[in-house]
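Biologist: Please take me closely through one part of this fold, and then set that part against the rest of the chain. I would prefer one connected account to a list.

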Amino acid sequence: MARVKTVNLVYHYGDTFDDYSVIWLDSSEVPINLTGYTATLRIKDKAGAGATQLLQLSSTTADGLTIVAAAGRIDFSATATKMKSGTLVQNTVYYYDLQVATPSSADVKTLIKGQIWIDPEVTDV
């Protein structure tokens, strides 16, 4: 079983969260076709059991994640409004993971995980 790649992210509070993309590759470095897959990114206050979910982005409702199926790519595409809809506090580190589910939702794979730093905004637009 492969280890989940750890990638730490930075989100500048108040901005659109569209600086990141993830490409899922097979062992031959070929993108895996994501036709029919769903993707979910959850941000929580801590890692492990007992964590509280603060924000969820999803591809199922075009709610912050966009799947480019043939390229095996998941683009982060959350609006500033969506990002502010959670209970994220500026100048704080949280934990996240990005998972994909097969069309039947029977198999779930965590593609990346890590910390996400909420960089404080200076100008409130």
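Which residue takes a positive phi in the hairpin of β8 and β9, and how many residues lie between the two strands?

Modeller: What follows describes a predicted model. The residue is Ser105, whose phi is positive and near 65 degrees, and the hairpin of β8 and β9 has 6 residues between its strands. Most residues other than glycine have a negative phi. Two further residues are worth setting beside Ser105 on that account. Asn91, in the loop between α1 (80-84) and β8, has a positive phi of about 65 degrees without being a glycine, and with a relative accessible area of 48% it is partly exposed. Ala62, in the loop between β5 and β6, is likewise not a glycine and has a positive phi of about 50 degrees; its relative accessibility of 67% means that Ala62 counts as exposed, the threshold being over 50%.

To return to the hairpin itself, strands β8 and β9 run antiparallel and are joined by 10 bridges, among which Tyr96 has Gly114 in β9 as its partner. Each of these two strands also pairs elsewhere. Strand β8 (residues 92-101) runs antiparallel to strand β4 (residues 38-44), with 7 bridges between them, and Thr38 stands opposite Ala101 in β8. From β4 the pairing continues to strand β5 (residues 53-58), again in the antiparallel sense and over 5 bridges, where Ile43 has Leu55 as its bridge partner. Strand β9, for its part, pairs in the parallel sense with strand β1 (residues 5-6) over 2 bridges, with Thr6 opposite Lys113, and in the parallel sense with strand β2 (residues 9-12) over 4 bridges, where Val10 is matched with Trp117.

Strand β9 (108-119) has a part in the largest pocket as well, since β9 and β3 each supply at least two residues of its lining. The volume of this pocket is about 340 Å³, and of the 16 residues that line it, Lys5, Ile23, Trp24, Leu111 and Ile112 are the closest to its centre. The largest share of the lining, 4 residues, comes from β9.

The other contributor named above, β3, leads to an open sheet of 3 strands, which has the order β3-β7-β6 and antiparallel pairing. Within it β3 (21-23) and β6 (65-68) are the edge strands, each with a single partner, so one side of each has no neighbour in the sheet. From one strand to the next the twist averages 20 degrees. The pairing of β3 with β7 is antiparallel and covers 3 bridges, and it sets Ser21 against Asp75 in β7.

In β7 (residues 73-76) one also finds Ile74, which counts as buried because its relative accessibility is 0%. Beyond its neighbours within four places in sequence, Ile74 is in contact with residues including Tyr20, Ser21, Val22, Leu65, Ile67, Leu98, Val100 and Leu111. Leu34 and Ala39 are also among the contacts of Ile74, and although Ala39 is 35 residues away along the chain, the C-alpha atoms of Ile74 and Ala39 are separated by 7.7 Å.

Tyr20, which is one of the contacts of Ile74, belongs to an aromatic cluster together with Tyr11, Tyr13, Phe17 and Phe76. A pair of aromatic rings is described by the distance of the centres and the angle of the planes. The model has 6 aromatic pairs in total. In one of them the rings of Tyr11 and Tyr13 have centres 6.5 Å apart and planes at 65 degrees, so the arrangement is edge-to-face, and both of these tyrosines are buried. The rings of Tyr11 and Phe17 are also edge-to-face, because their planes stand at 80 degrees, with the centres 5.3 Å apart. Relative accessible areas of 2% for Tyr11 and 1% for Phe17 place each of these residues in the buried class.

How values were computed
Residues numbered from 1 in each chain as written. Predicted model: local features only at pLDDT ≥ 70, side-chain atom pairs only at ≥ 80, totals over all residues. Heavy atoms only, no water. Buried < 20%, exposed > 50% of the residue type's maximum accessible area, 1.4 Å probe, protein only. Contact = heavy atoms within 4.5 Å. Pairing = 2+ DSSP bridges. Axes fitted to C-alpha atoms, helices over the stretch in contact; angles between N-to-C directions. Phe/Tyr/Trp six-rings, centres within 6.5 Å; stacked < 30°, edge-to-face > 60°. 1 Å grid on protein atoms, 1.4 Å probe; cavity = no way out; pocket = protein on both sides within 12 Å on 5 of 7 lines; lining within 4 Å. Points joined across faces, edges and corners; volume = space filled by probe spheres on them.
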